[in-house]
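Thanks, everyone; I would like to walk you through one model today, taking its sheets in turn and then its helices and cores. Please keep the structure open while I talk.

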Amino acid sequence: MKKTTVIYQEGSHQWAVVARDPERPNYLIDTNEYLISDGDRSLLTDPGGSEIFAAVFSALTMHTDPQCIEAIFASHQDPDIISSLALWLEFNPALKCHLSWLWSEFVPHFGGTDQTFVNIPDEGETIRLGSLALEALPAHYLHSSGNFHLYDRKAKLLFTGDVGAALLPPGSDLYVRDFDRHIPHAQGFHQRWMGSNEAKLDWCERVSRLPIDMLCPQHGAIYQGADVMRFINWFAELPVGTGVRR
């Protein structure tokens, strides 16, 4: 079963991650779901696919009352990101889903109505959660054409969807402990799934100016401290879009 771990706590302001399911079938990619809370108000990032809904919901229930979750943030449209939407709405029909306007007519095929979705414009926007002001930062073409990351300026934590992802062996640590040994597990993923060097360099330039204590991807391990900038610099130098053959 997945486990919920608190990775940041300051008063009633908390980030927790749901990760590492040893019972996950080997044909499903592993995912991390982040619960951002301000007191009894919470937002869940990339809640995952329908196949893992029970595991995520069960892990969250051990940590908090899922009724506190008032919103979902979907970094993009993929099934491992948001195909569980109909099951979440069955639990709470009033749930709001923040995602790129580009996917506003596609993601409803997973569930929801026009009252469910809050479309994020291309330039991004601020999402209010209690006293928190979470910033939806553009990350278009990394890897989806309508793609956002979520920055918590107060906590200095950045949720980065597929950027920073790594395909790790079972039993891997929740945090990156040795960058040089970790990064080969991320290289092939980024080279193939990130389609634009121009978009990559634009993202690296923007996020390198932010104070970030933890970079939190949807797959793999969390980068913290000096490894955050180490990853950004590594990514800036990495050629991507390797699916194009000439």
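One open sheet has 7 strands, ordered β1-β2-β3-β4-β5-β6-β7 with mixed pairing, where strands are DSSP runs of E with at least two residues, helices are runs of H or I with at least four, and both are numbered from the N terminus; two strands count as paired if DSSP finds at least two bridges between them. This is a predicted model, in which local features need pLDDT of at least 70 and side-chain atom pairs count only at pLDDT 80 or more, while totals for chains, interfaces and linings use all residues. Residues are numbered from 1 along each chain as its sequence is written, and side-chain values use heavy atoms, with hydrogens and water left out.

At the edges of this sheet stand β1 (3-10) and β7 (117-120), each with a single partner strand, so one side of each has no neighbour in the sheet. On average, neighbouring strands here are turned by 20 degrees against each other, direction ignored. β6 (residues 96-100) pairs with β7 in the parallel sense over 4 bridges, and Leu-99 stands opposite Asn-119 in β7.

Another open sheet has 6 strands in the order β8-β9-β10-β11-β12-β13, again with mixed pairing, and its edge strands, β8 (125-129) and β13 (223-224), each pair on one side only. β12 (residues 214-216) and β13 are antiparallel over 2 bridges, with Met-214 opposite Gln-224 in β13.

Turning to the helices, the axes of α6 and α7 come within 9 Å and cross at roughly 155 degrees, the axes being lines fitted to C-alpha atoms over the stretch in contact, with angles from 0 to 180 degrees between N-to-C directions. That makes α6 roughly antiparallel to α7, a label used for angles over 145 degrees. In α6, Lys-200, Leu-201, Trp-203, Cys-204 and Val-207 meet Phe-231, Ile-232, Phe-235, Ala-236 and Glu-237 in α7, contact meaning heavy atoms within 4.5 Å.

Which residues touch the most other members of the largest nonpolar core? They are Trp-203, Tyr-223, Phe-231, Ile-232, Trp-234 and Phe-235, out of 30 residues; such a core is a set of buried Ala, Val, Leu, Ile, Met, Phe, Trp, Tyr and Cys residues joined through side-chain atoms within 4.5 Å, buried being under 20% relative accessible area with a 1.4 Å probe, protein chains only. The elements giving two or more residues are α5 (184-193), α6 (197-207) and α7 (226-237), and the largest share, 5 residues, comes from α7. Apart from this core lies another, of 26 residues, among them Tyr-34, Phe-159, Leu-174 and Ile-222.

How values were computed: Buried means under 20% relative accessible area, exposed over 50%, partly exposed in between (1.4 Å probe, protein chains only). Angles under 35 degrees count as roughly parallel, over 145 as roughly antiparallel, 65 to 115 as roughly perpendicular and the rest as oblique.
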